[in-house]
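Please work through the exercises below with the sequence and the coordinates open beside you. Each task is followed by a solution that proceeds step by step.

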Amino acid sequence: MPHVKIELKRLGTQLKQLLKQLRESGEPLLVTRNGQAECFVLDPELHGSLVDILADEGNGSVPEVSSVREAAEDYRVAQPPLFEMPADALPEHGTPDAFLDRVICGDCLDVMRRMPDEFVHMAITSPPYNIGVHYDIHDDQMDYDEYLAWLKKVWEETARVLVPGGRLAVNHAPTSIKNFRPVHYDIAAQLRDMGLIMRTEILWYKQSMSARRTAWGSWKSPRNPHIIPSWEYVLVFSKRSWTLEGDPHNADITPDEFVRFSDGFWHIAAESQRKGHPAPFPEELIYRLIKFYTYRGNVVLDMFGGTGTVAVVAARTSRRFIHIDISQEYCNVTLKRLEAELAQGQLF
Ligand SMILES: C[S@@+](CC[C@H](N)C(=O)[O-])C[C@H]1O[C@@H](n2cnc3c(N)ncnc32)[C@H](O)[C@@H]1O
């Protein structure tokens with residue numbers, strides 16, 4: 001197959017720049033996940049530069065390439081596009097391979113029902129909060145009982161796909177003061193009723209209180225003053241066993257990280273870059289969960305993946321990811337984030 005193979009772990013500066021140029025020029029640049037990029041370069045000048053740089057940086061094999069549009073097209077048909085997996089192309093009863101390292105746009109219940117049992121090591125997610133946030137597609141103002149019943153179905157599917165000892169981390173916040181509901185208690189009760197073991201409650205302190213807020217309740221009076229949570233919760237559960245088995249060589253947390261992350265008060269600023277989404281995770285939050293609770297090579301799922309923070313951080317830390325979101329717009333942002341990371345040589 002006349003294409004260029006590049007060791008992604010060894011991307012030099014020139015090569016990074018050229019890959020960026022290739023992406024911008026719309027050249028067919030296709031990449032696979034086994035630590036190598038495989039790209040077809042049709043423009044003779046760009047191809048020449050690529051060959052020179054590869055030789056210069058001593059990376060990858062230099063193929064005998066002429067223009068290979070047909071081969072590239074064949075390859076594109078044979079290989080699904082990088083990371084993307086249309087939900088309607090998923091098999092009814094899929095093997096793990098159909099889902100791994102994929103951005104899947106679809107309803108999470110529909111998608112998860114096609115997954116096999118017990119192959120996910122950790123699910124990290126933040127469901128819609130049901131407080132009227134404007135998401136691209138989802139109606140975020142359901143009747144509260146209906147909302148909980150819907151979440152319960154999602155947790156049941158999640159528990160099914162988790163390996164024994166697998167973890168589920170749910171980020172949620174209490175609802176607004178006007179209609180206060182301790183939704184994190186209700187979710188914890190649901191999951192415990194299903195037999196999951198509650199491991200911990202992390203308090204994510206976002207320090208996001210606006211200085212200009214006005215919702216004081218009864219100002220300077222005990223008549224009806226309001227306290228507003230300036231934090232969110234991350235509730236962590238395990239399936240059947242506290243222990244997640246794995247190769248100790250794949251435990252990659254540093255001693256300093258282990259000590260810091262094991263203190264459950266996590267002071268992490270809310271994400272400042274919205275990336276076209278009303279509520280993206282900060283990467284640091286996901287980094288801590290992934291490093292603390294999973295081994296390298298584990299599978300990490302986010303069934304309400306939004307703009308892909310879990311997918312990006314999982315790939316960056318050498319975990320496999322599964323991203324599901326109902327919004328094509330958010331899935332497109334996720335794909336762009338993954339591709340950008342790849343072009344910068346930050347993945348794998
Ligand atoms: C709180 S946001 C998650 C944001 C995400 N943590 C991030 O970093 O961008 C919840 C997401 O759930 C998605 N969603 C809502 N209903 C869904 C469904 N039935 N299946 C899959 N995703 C859904 C929304 O589109 C939204 O992006």
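**Exercise 1: a helix and its surroundings**

Task: In this predicted model, determine why helix α9 (residues 309–316) counts as largely enclosed by the rest of the structure.

Solution: Start from the criterion, by which a residue is buried if 20 or more other C-beta atoms lie within 10 Å of its own. Applied along α9, this criterion marks T309, V310, A311, V312, V313, A314 and A315 as buried. Seven of the eight residues of the helix are therefore buried, so α9 is largely enclosed by the rest of the structure. As a further step, follow the chain to just after α9, where S318 takes a positive phi of about 65 degrees.

**Exercise 2: the open sheet**

Task: Establish the strand order of the nine-stranded open sheet, and explain what sets β4 and β10 apart.

Solution: Tracing the pairings gives the order β4-β5-β12-β11-β6-β7-β9-β8-β10, with mixed pairing. Because β4 (84–86) and β10 (265–267) stand at the edges with a single partner strand each, one side of each is left without a neighbour in the sheet. Neighbouring strands are turned by 20 degrees against each other on average, with direction ignored.

For one pairing in detail, take β5 (residues 102–105) and β12 (residues 320–325), which run parallel and are joined by four bridges; R102, for instance, has I322 in β12 as its bridge partner.

**Exercise 3: helices against strands**

Task: Identify which strands are touched by α6 (residues 183–193).

Solution: Helix α6 packs on the sheet and touches β7 (162–172), β8 (197–205) and β9 (231–238), its direction making about 5 degrees with that of β9.

Notes. Residues are numbered from 1 along each chain as its sequence is written. This is a predicted model: local features need pLDDT of at least 70, side-chain atom pairs count only at pLDDT 80 or more; totals for chains, interfaces and linings use all residues. A residue is buried if 20 or more other C-beta atoms lie within 10 Å of its own, exposed if 12 or fewer, and partly exposed in between; C-beta atoms are placed from the backbone. Helices (H or I, at least four residues) and strands (E, at least two) are DSSP runs, numbered from the N terminus. Two strands pair if DSSP finds at least two bridges between them. Axes are lines fitted to C-alpha atoms, for helices over the stretch in contact, and angles run from 0 to 180 degrees between N-to-C directions. Two residues are in contact if their C-beta atoms, placed from the backbone, lie within 7 Å.
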